[in-house]
Amino acid sequence: MDGQPLPSRAVSKNNVSFVPFRELFEKLKMNIDYNAKLKQVTGTKGGLKISFTIGSKTAYVNGVKKSLQAAPFSQNGTTFIPVRIVGEATGNAVYFSPEVNVIQINSPSFTGASYDIDGTYIAFNADGTVSLAASPESEELRELAEIQAIKNSVDNFPKVRVVGVPPTAEQAKDPGFKGYPDYFDENYVIAAGNNEKLPPLMSEGWISLSMLSEIEGVNSLGSSEPNTIAIGKYAGVEFIRVSIVLTDEYKKAKEGDFLLSDIHVKKYKGLMYLSIEDLQATGLIGE
């Protein structure tokens, strides 16, 4: 999971890979329930609920039936569930790499991880591919090493969301904007995971275009004007449009503070963060 191994090995039955349900649910930060009478295991997180019954080829994801190629089973007191349906239902990508006999579950924020195993360097990449090399200085691993150092533990990662799922009541208590905590910004997760400088925070008055779209329904609009970003949304019957003209100074910079079309902007790793207060003044964001 995101380059970090589960304690137990996967088990293959009928060409389906299974892992202990408790290990997988815990790694995905899901709440766990086991009903011995019904022989049913359930994982929940936010608005997501996944249930399996031992011996049954039917699983339930938020109450919707899902057919399985092979049924969950118990072995030496441990219940095993299929990997792929859980990984994909939680918003992650699942890959099998036969060259190293590894199943990867990669979250949207995962950028890669590498390991030295008996003198062979193995890199697990975000797209599910695997690179093998005899040296950590090889071309295959150099770029990965520049992006992200090997993690000591997945527990060092910040809180991670399931993309598209709104904040829970508990998450809404954390610093952020309108109940959306700062760590819902994927750039926050990436930076924190890499021990890098965090992006401008919503709790400090800054919002990215992606979070602006998710929280406020503000969309990017096409513009016939050069060097201009246009964003807007409907507010009742009125359509509010804001045009932001990019200066040469802004375009050349990777980071910095700018005033563009009367809106304060921070540039972070080439990405635009806008002043929430200034957007409220335009009427694009409600109080």
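The secondary structure of the chain comes to 7 helices and 23 strands in this predicted model. Of the 287 residues in the chain, 43% are buried. Contacts also reach across the sequence: among those between residues at least 6 apart, 40% join residues at least 24 apart.

A good place to begin looking inside is the largest nonpolar core, which has 30 residues. Within this core, Ile207, Ile244 and Leu274 touch the most other members. Both helices and strands build it, and the elements that give two or more residues are helix H4 (186–193), helix H5 (209–216), strand E20 (238–245), strand E21 (256–260), strand E22 (263–268), strand E23 (271–275) and helix H7 (276–282). Apart from this core lies another, of 21 residues, with Met30, Ile50, Phe52 and Ala59 among them.

Isoleucine 244 gives a helpful view of how the larger core is put together. Leaving aside neighbours within four places in sequence, Ile244 is in contact with Asn227, Thr228, Ile229 and Ile231, and also with Leu260, Ser261, Ile263, Met272 and Leu274. One of these partners, Leu274, is itself among the three residues that touch the most other core members.

The next residue to visit is valine 245, whose place is in strand E20. Is valine 245 buried or partly exposed? Its relative accessible area is 39%, so valine 245 counts as partly exposed, a class that lies between under 20% for buried and over 50% for exposed. Not counting residues up to four places away in sequence, valine 245 touches Asn227, Thr228, Leu260 and Ser261. Valine 245 and alanine 230 are 15 residues apart in sequence, while their C-alpha atoms are 8.6 Å apart in space.

Helix H4, one of the contributors to the largest core, is mostly covered, with 6 of its 8 residues buried. These buried residues are Asn187, Tyr188, Val189, Ala191, Ala192 and Gly193. What covers them includes strands E22 and E23. The ends of the helix also reward a closer look. At the N-terminal end, aspartate 185 acts as a cap, with a side-chain oxygen 3.0 Å from the backbone nitrogen of asparagine 187. Just after H4, asparagine 195 takes a positive phi of about 55°.

Attention now turns to open space in the model. The largest pocket has a volume of about 1200 Å³. Its lining is made of 40 residues, and Ala10, Asn101, Val102, Ile103 and Gln104 lie nearest the centre. By type, the lining divides into 25 nonpolar, 12 polar and 3 charged residues. At least two lining residues come from each of strand E1 (11–13), strand E2 (16–20), helix H2 (83–89), strand E10, strand E11, strand E12 (112–117) and strand E13 (120–125). Which element gives the most to this lining? That element is E11, with 5 residues.

Valine 100 lies in the loop between strand E10 (93–97) and strand E11 (102–106), two of the elements that help to line the pocket. Once neighbours within four places in sequence are set aside, the contacts of valine 100 are Ile122, Phe124, Val130 and Leu132. For valine 100 and isoleucine 122, a separation of 22 residues in sequence goes with a C-alpha to C-alpha distance of 8.9 Å.

Methods: Residues are numbered from 1 along each chain as its sequence is written. This is a predicted model: local features need pLDDT of at least 70, side-chain atom pairs count only at pLDDT 80 or more; totals for chains, interfaces and linings use all residues. Side-chain values use heavy atoms; hydrogens and water are left out. A nonpolar core is a set of buried Ala, Val, Leu, Ile, Met, Phe, Trp, Tyr and Cys residues joined through side-chain atoms within 4.5 Å. Buried means under 20% relative accessible area, exposed over 50%, partly exposed in between (1.4 Å probe, protein chains only). Helices (H or I, at least four residues) and strands (E, at least two) are DSSP runs, numbered from the N terminus. Contact means heavy atoms within 4.5 Å. On a 1 Å grid over the protein atoms alone, a cavity is a set of points where a 1.4 Å probe fits but cannot get out, and a pocket is an open set with protein on both sides within 12 Å along at least five of seven lines; lining residues have an atom within 4 Å of a point. Grid points are joined across faces, edges and corners, and a volume is the space filled by probe spheres set on the points. Ala, Val, Leu, Ile, Met, Phe, Trp, Tyr, Cys and Pro count as nonpolar, Asp, Glu, Lys and Arg as charged, and the others, Gly among them, as polar. A polar contact is a pair of N or O atoms within 3.5 Å; within protein, one must be able to donate a hydrogen and the other to accept it, and residues adjacent in sequence count only if both atoms are side-chain atoms.
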